[in-house]
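Trainee: Got a minute? I'd like to go through this one with you.
Mentor: Sure, put it up.

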Amino acid sequence: MSVKIEGISTKHLDRLHEIEMECFEKEAFTKQQIAYLLTDHNSTGLIAELNGEIAGFVIGKIHRDRKSATGHVLTIDVSPKHRRKGIGLRLLQEIERIFKDKGVRVCFLEAREDNIAALSLYRKFGYGEAGRLENYYGNAHGVRLRKTLT
Ligand SMILES: CC(C)(COP(=O)(O)OP(=O)(O)OC[C@H]1O[C@@H](n2cnc3c(N)ncnc32)[C@H](O)[C@@H]1OP(=O)(O)O)[C@@H](O)C(=O)NCCC(=O)NCCS
């Protein structure tokens with residue numbers, strides 16, 4: 001299996017939205033919201049291609065102040081039929097590498113506290129809990145996770 005990681009372009013938006021709907025149903029970002037995230041010059045978007053098909057994507061953003069740069073993974077989605085093939089891990093590895101190249105030392109992300117797949121992936125990849133987020137997802141709580149990029 002060969003997974004190719006590439007930068008997102010606007011021509012991918014339809015497929016990204018399709019995957020977003022497969023992943024989140026009611027809470028999915030709209031196509032406009034995905035496009036908006038990508039227009040920010042501090043954001044990075046990557047797709048994972050498997051046999052010519054987009055199987056997943058990640059979007060993250062760098063926040064800068066005068067002293068430091070902090071990475072934030074906003075969304076990571078893998079199409080259900082391509083899960084447990086290491087694609088989520090590859091996307092995370094690659095966005096962290098880009099963050100590091102841009103001077104980021106700490107990366108944050110959030111997940112619903114009942115999102116076993118996401119929390120398992122993040123913990124496996126070295127993220128530790130940095131706080132509980134009360135009602136972060138409407139009536140569901142969230143967990144904030146943090147990793148020092150080395
Ligand atoms: C979370 C998500 C991105 C993981 O993507 P993936 O490509 O299936 O993950 P990987 O194959 O890289 O998994 C890497 C490791 O994470 C853990 N993991 C992934 N999915 C898991 C699951 N359903 N249950 C338990 N552990 C899981 C495992 O340790 C796995 O390693 P293993 O397969 O060798 O056991 C995917 O499930 C998804 O898109 N979910 C819906 C969208 C979502 O919730 N995104 C996160 C928002 S915070």
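Trainee: Which element gives the most to the shell around the ligand?
Mentor: Helix 4, with 6 residues. Keep in mind that this is a predicted model.

Trainee: How many residues surround the ligand, and which are the closest?
Mentor: There are 21 around the ligand. The closest are I76, V78, G86, G88 and N115.

Trainee: How does that shell divide into nonpolar, polar and charged?
Mentor: It has 11 nonpolar residues, 4 polar and 6 charged.

Trainee: What about polar atoms close to the ligand's oxygens? Start with N115: how far is its side chain from a ligand oxygen?
Mentor: A polar side-chain atom of N115 is 2.7 Å from an oxygen atom of the ligand. Backbone atoms come in too. For G88, a backbone N or O lies 2.8 Å from a ligand oxygen. For L89, a polar backbone atom is 2.9 Å from one.

Trainee: And how much of the ligand's accessible area does the protein cover?
Mentor: 78% of the 920 Å² that the ligand has on its own.

Trainee: Which pocket is the ligand's space?
Mentor: The largest pocket. Elements giving two or more residues to the shell include helix 1 (13-24), strand 4 (69-78) and helix 3 (87-101).

Trainee: Switching topic. How many helices and strands does the chain have?
Mentor: 4 helices and 7 strands. Along the sequence the pattern is β-α-α-β-β-β-α-β-α-β-β.

Trainee: What does the radius of gyration say about the fold?
Mentor: The chain has 15 Å. A compact globule of 150 residues would be near 15 Å, so the value agrees. The C-alpha atoms fill a box of roughly 40 × 35 × 30 Å along the principal axes.

Note on methods
Residues numbered from 1 in each chain as written. Predicted model: local features only at pLDDT ≥ 70, side-chain atom pairs only at ≥ 80, totals over all residues. Heavy atoms only, no water. Near = heavy atom within 4 Å. Polar contact = N/O pair within 3.5 Å; in protein donor to acceptor, adjacent residues only side chain to side chain. Areas by Shrake-Rupley, 256 points an atom, 1.4 Å probe, with all protein chains shown as cover. 1 Å grid on protein atoms, 1.4 Å probe; cavity = no way out; pocket = protein on both sides within 12 Å on 5 of 7 lines; lining within 4 Å. Sits in = over half its atoms within 2 Å of the grid points. Nonpolar A, V, L, I, M, F, W, Y, C, P; charged D, E, K, R; others polar. Rg over C-alpha atoms; globule rule 2.2 N^0.38 Å.
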